[in-house]
Amino acid sequence: MKKYLLFSLVIFLTACEAPDPAARRAALHLPPEGFVGDAAQGGALFVTNCSSCHGNNAQGTEQGPPLVNNVYRPAHHADFAFHMAVRDGVRQHHWGFGDMPAVPQITPEQTAHVIAYIRQEQSKAGITR
């Protein structure tokens with residue numbers, strides 16, 4: 001019984017020290033709750049930060065894969081995966097282009113705009129799920 005009580009107390013105290021939801025979102029490289037990415041802003045950010053590897057309109061280059069591809073459909077690579085890729089980089093796993101480095105200059109909000117742009121381009125290509 002003492003072990004159960006001690007364990008419960010530890011869990012309770014740990015929960016009291018948990019960061020607030022906004023801090024957790026920031027640590028995960030996510031924009032504030034309710035933030036909606038804008039594809040038009042994302043297109044401009046994509047050109048500046050992503051197109052050198054992922055190509056015009058996210059069609060890929062010799063340096064990086066096409067993001068308008070069924071591999072990156074929302075059901076396989078959720079938006080969270082893109083946030084993690086920007087924050088941490090990505091080890092090569094679907095293609096032979098090498099690892100993607102982190103892109104630390106892009107904020108979570110900017111990343112959400114880029115994701116909105118990528119999803120728009122995917123939708124235009126018939127990639128929706």
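Start by selecting A39, Q41, G42, G43, L45 and F46 in α3, then add Q110, H113, V114, A116, Y117, I118 and Q120 in α6: these two sets of residues meet each other. Contact here means heavy atoms within 4.5 Å. By class, this α3–α6 contact has 7 nonpolar, 6 polar and no charged residues. For that tally, Ala, Val, Leu, Ile, Met, Phe, Trp, Tyr, Cys and Pro count as nonpolar, Asp, Glu, Lys and Arg as charged, and the others, Gly among them, as polar.

Before moving on, a word on what you have open. This is a predicted model, where local features need pLDDT of at least 70 and side-chain atom pairs count only at pLDDT 80 or more, while totals for chains, interfaces and linings use all residues. Residues are numbered from 1 along each chain as its sequence is written, and side-chain values use heavy atoms, with hydrogens and water left out.

**Zoom out: the whole chain**

Show everything as a cartoon. You should see 6 helices and 0 strands, so the order from the N terminus is α-α-α-α-α-α. Helices (H or I, at least four residues) and strands (E, at least two) are DSSP runs, numbered from the N terminus. Colour by accessibility and 31% of the 129 residues come up as buried. Buried means under 20% relative accessible area, exposed over 50%, and partly exposed in between (1.4 Å probe, protein chains only). Among contacts with a separation of 6 or more, 63% are between residues 24 or more positions apart.

**Back to the helix pair**

Turn the view until you can look along α3 or α6. Two packed helices are described by the angle between their axes and the distance between the axes. Here the axes of α3 and α6 come within 7 Å and cross at roughly 100 degrees. Axes are lines fitted to C-alpha atoms, for helices over the stretch in contact, and angles run from 0 to 180 degrees between N-to-C directions. That makes α3 and α6 roughly perpendicular to each other. On this scale, angles under 35 degrees count as roughly parallel, over 145 as roughly antiparallel, 65 to 115 as roughly perpendicular and the rest as oblique.

Now select residues 108–124, which is α6: 17 residues, reaching 24 Å from the first C-alpha to the last, close to the 24 Å expected at 1.5 Å a residue. The expected span is 1.5 Å times one less than the number of residues. The buried residues of α6 are P108, T111, A112, H113, V114, I115, Y117, I118, R119, E121 and Q122. Their cover includes α3 (39–49) and α5 (79–88). Step just past the end of α6 and you reach G126, with a positive phi of about 85 degrees.

On the α3 side, A39, G42, G43, L45 and F46 are buried, and what covers the buried residues of α3 includes α4 (51–54) and α6.

**Into the core**

Show F46, A58, L67, F82, V114 and I118 as sticks. Of the 13 residues in the largest nonpolar core, these touch the most other members. α3 and α6 each supply at least two residues of this core, and the largest share, 4 residues, comes from α6. A nonpolar core is a set of buried Ala, Val, Leu, Ile, Met, Phe, Trp, Tyr and Cys residues joined through side-chain atoms within 4.5 Å.

**The loop between α4 and α5**

Centre on A58, which sits in this loop. Its phi is near 60 degrees, a positive value in a residue other than glycine. At 0% relative accessibility, A58 counts as buried. Leaving out residues up to four places away in sequence, A58 touches F46, P66, L67, V68 and Y117.

Next select N57, in the loop between α4 and α5. N57 also has a positive phi, about 55 degrees, although it is not a glycine. At 44% relative accessibility, N57 counts as partly exposed.

Then pick G55, also in the loop between α4 and α5, and buried with a relative accessible area of 3%. Beyond its neighbours within four places in sequence, G55 is in contact with F46, C50, G60 and T61. Draw a C-alpha distance from G55 to P65, 10 residues apart along the chain, and you get 8.3 Å.

Last stop: Y72, in the loop between α4 and α5. At 9% relative accessibility, Y72 counts as buried. Not counting residues up to four places away in sequence, Y72 touches P65, P66, L67, H77, F82, W95, R119 and Q122. The C-alpha atoms of Y72 and T128 are 10.0 Å apart, with the two positions 56 residues apart along the chain.
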